[in-house]
Amino acid sequence: MARARKPKEKESDHPDQGPADQIRVRRMHRRDINRVWEFLKLVFRAVNRNTVEYQRPRSKQRFEEQYDDEGIEQLVFEAGGEVVGYAECAYEVTGSDNWINPRYFDSRGMRPLFVEELATHPDYQGRGVGSFMLEQLQHLARVRGCTHLVLEVAENNRPALSFYRKRNFYKLDAAIFMAQKVDQEPELLPPRPLKRPGEAEPGPDGPHDDPDAPEPDKPQGSP
Ligand SMILES: CC(C)(COP(=O)(O)OP(=O)(O)OC[C@H]1O[C@@H](n2cnc3c(N)ncnc32)[C@H](O)[C@@H]1OP(=O)(O)O)[C@@H](O)C(=O)NCCC(=O)NCCS
């Protein structure tokens, strides 16, 4: 499938910021990168403490690179000029750090829109921003001919999981992180007594300090 060109926002697209009680969506601009990165750090601070996998881009560098990736949509949601939400989606499996197997979807006749991020500012959660962001992504999927929204969510991110389940998301496969406890042994040996000066080194059979003592018996058949 040919990659669709990512329409970049022009400075003149949104001259006014709109009222504070209205959510507006626009495409992210290069000038938003720092602000949105700080926003994502704030939203995911608490979530990432409890999940094995990072729930947002691993580094700011990766986030900056994504801006130039034609296959990724980065949408900023604002109320009164404040960033209250951010959604990101991709029409193809992207990035070298991605573990998604595209054949899983091809063989099932699915053309997914991959939802990479969905984040609402903590002060605005529960006010309809997430639902609006999801509707926007569903709309994009429809107009771009995608058959499903596909995303990954940590099972212990309970609020997000219930948000998706309520909106008819279902589990695709049963990949879960598992761990097994391993018995601990210290890598370093325990302390031992220092020898007194002149004291002989204890051999494997105990102290052996008489140089004229007979050799221990050799095994039979040895030369
Ligand atoms: C999941 C998330 C995007 C939902 O956004 P939202 O703006 O709170 O969503 P809405 O206001 O449209 O809907 C709120 C619904 O989500 C639930 N919800 C999730 N987190 C909530 C929160 N912190 N406060 C209030 N409601 C929350 C509510 O139960 C509510 O229930 P409903 O399904 O009956 O409507 C948002 O909670 C969030 O950004 N969480 C942190 C980041 C995250 O985990 N993202 C998903 C990673 S895969």
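**Figure 1. Helix α5 gives the most residues to the shell around the ligand.** Its share is five residues. The model shown here is predicted. In this model, 22 residues surround the ligand. Thr120, Gln125, Gly128, Ser131 and Lys166 come nearest. By type, the shell holds eleven nonpolar, seven polar and four charged residues.

**Figure 2. Leu118, Gln125 and Arg127 each place an N or O atom close to an atom of the ligand.** Start with Gln125. An N or O atom in its side chain is 2.5 Å from a nitrogen atom of the ligand. Leu118 uses its backbone instead: an N or O atom there lies 2.9 Å from a ligand nitrogen. Arg127 also uses its backbone, with an N or O atom 3.0 Å from a ligand oxygen atom. On its own, the ligand has 880 Å² of accessible area, and the protein covers 76% of that. Which elements give two or more residues to the shell? They are α1 (33-49), β4 (112-120), α4 (129-143) and α5 (158-166).

**Figure 3. The largest nonpolar core has 21 residues.** Five leucines touch the most other members: Leu113, Leu118, Leu137, Leu140 and Leu149. The elements that give this core two or more residues are β2 (72-79), β3 (82-90), β4, α4 and α5. Helix α4 supplies the largest share, six residues. In soluble globular proteins, nonpolar side chains tend to be buried together.

**Figure 4. Leu140 has contacts with residues beyond its sequence neighbours.** Set aside the residues within four places of Leu140 in sequence. Its partners are then Glu73, Leu75, Cys89, Tyr91 and Leu113. Leu113, like Leu140, is one of the core residues that touch the most other members.

**Figure 5. A second core is separate from the largest one.** This core has 15 residues. Among them are Phe39, Val47, Tyr67 and Val83.

**Figure 6. The protein chain has five helices and five strands.** From the N terminus on, the order is β-α-α-β-β-α-β-α-β-α. The chain has 223 residues, and 33% of them count as buried. How much of the contact count comes from residues 24 or more positions apart? They account for 65% of the contacts with a separation of 6 or more. The accessible surface of the chain comes to about 16,300 Å². Carbon and sulfur atoms hold 50% of that surface.

Definitions and conventions:
Residues numbered from 1 in each chain as written. Predicted model: local features only at pLDDT ≥ 70, side-chain atom pairs only at ≥ 80, totals over all residues. Heavy atoms only, no water. Near = heavy atom within 4 Å. Polar contact = N/O pair within 3.5 Å; in protein donor to acceptor, adjacent residues only side chain to side chain. Areas by Shrake-Rupley, 256 points an atom, 1.4 Å probe, with all protein chains shown as cover. Helix = DSSP H or I, 4+ residues; strand = E, 2+ residues; numbered from the N terminus. Nonpolar A, V, L, I, M, F, W, Y, C, P; charged D, E, K, R; others polar. Core = buried A, V, L, I, M, F, W, Y, C linked by side-chain atoms within 4.5 Å. Buried < 20%, exposed > 50% of the residue type's maximum accessible area, 1.4 Å probe, protein only. Contact = heavy atoms within 4.5 Å.
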